[in-house]
Amino acid sequence: YKMPGTLFILFLFASIGVAHAATSNTDPSTGMEFILVKGGCYQMGDSAGDGDPNERPVHEVCVSDFSIGKFEVTNGQFRKFMPKHNSGTSQGSTLNDDNQPVVNVSWEDAVDYAEWLSEKSGQTYRLPSEAEWEYAARAGSSQSRFWGNNPDEACKYANVADMTAKKQWAKWTTFTCDDSFAVSAPVGSFMANGYGLSDMMGNVWEWCEDVYNSEAYTKLPKDSPVYHGSGEYRAMRGGGWSNGPLGIQSSHRVGLSPDFGHHALGFRLVKTAQ
């Protein structure tokens with residue numbers, strides 16, 4: 001049977017539409033967009049030589065494919081899970097607009113949100129491991145930041161402690177550029193990295209899955225490492241709107257109590273590749 005030309009074209013477009021829907025990387029209930037990051041190996045840690053001791057030794061790590069949020073989870077998205085959540089204010093500036101990243105959420109809150117979304121969607125959502133997070137943040141770069149080692153270029157790519165913030169917090173150590181935001185910015189306000197991910201540096205710190213341990217890099221395997229050993233804190237990455245140059249680096253890592261929230265700390269999710 002030979003299909004008439006018009007019917008064939010309609011069939012073709014219908015098939016393309018079905019295929020596109022099946023490979024959509026947007027969660028329908030929250031509108032959260034995910035980008036597939038192809039796995040690979042890289043040098044994890046202070047490869048630029050200007051980081052802290054807990055970022056060493058530099059070591060090779062390999063991660064599998066994973067999909068990670070294009071943006072940090074917003075207040076609007078988080079309130080679908082916890083309607084009364086209020087991210088608050090800082091020095092009179094709101095942190096609570098729907099399109100700003102959710103903050104003042106604990107690691108436990110972030111994990112609960114991932115579990116809620118997993119149950120609601122039938123997908124598997126979780127926090128990224130430190131290894132996945134740094135791989136995604138670097139986007140192939142071995143320099144301090146995905147845009148390079150020059151801190152003065154930060155304000156094109158990240159919401160950081162800048163000249164605008166300096167007007168309110170005169171004693172802060174800031175970048176010498178101006179990103180025009182004193183506190184958190186709407187997600188996606190700055191240039192994305194080479195993987196198309198926004199705000200991997202700055203805006204807000206992001207919770208990771210790992211238990212924080214300053215010597216974790218001496219204890220982990222090469223393939224898909226996640227540290228679940230000793231330590232009372234959980235890892236957070238990326239720096240936030242209140243951080244100067246030392247905090248805004250791909251390899252920079254800090255730990256915080258899992259039941260604690262902060263005005264410049266939020267999260268983004270990973271969707272496990274199907």
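In what order do the 4 strands of the open sheet with antiparallel pairing stand? I opened the predicted model and traced them: β1, then β4, then β12, then β7.

Next I checked the edges. β1 (34-37) and β7 (125-126) sit there, and each has a single partner strand, so one side of each has no neighbour in the sheet.

I zoomed in on β1. It pairs with β4, residues 66-69, in the antiparallel sense, and I noted 4 bridges for the pair. Picking out V37, I found its bridge partner in β4, which is F66.

Then I asked myself which helix lies across β1, β4, β7 and β12. It's α4, residues 130-138, and it runs at about 70 degrees to β4. I put β12 down as residues 270-272 while I was there.

On to another open sheet of 4 strands. This one goes β10-β9-β8-β11, and I wrote "mixed" beside its pairing. Its edges are β10 (253-256) and β11 (265-266); each of them has a single partner strand, so one side of each is left without a neighbour.

I looked at β10 with β9, residues 233-237: the two pair in the antiparallel sense, over 4 bridges. M236 is a handy spot to look at, since I found it opposite V254 in β10.

A reminder to myself from class: strands in a sheet pair through backbone hydrogen bonds, parallel or antiparallel.

Last, I looked up confidence. The average pLDDT for the chain is 91, and 91% of the residues score at least 70. Residues 1-24 come out below 50, and beyond near neighbours in sequence I got just 3 contacts for that stretch in the model.

Definitions and conventions: Residues numbered from 1 in each chain as written. Predicted model: local features only at pLDDT ≥ 70, side-chain atom pairs only at ≥ 80, totals over all residues. Heavy atoms only, no water. Pairing = 2+ DSSP bridges. Contact = heavy atoms within 4.5 Å. Axes fitted to C-alpha atoms, helices over the stretch in contact; angles between N-to-C directions. pLDDT = per-residue confidence, 0-100.
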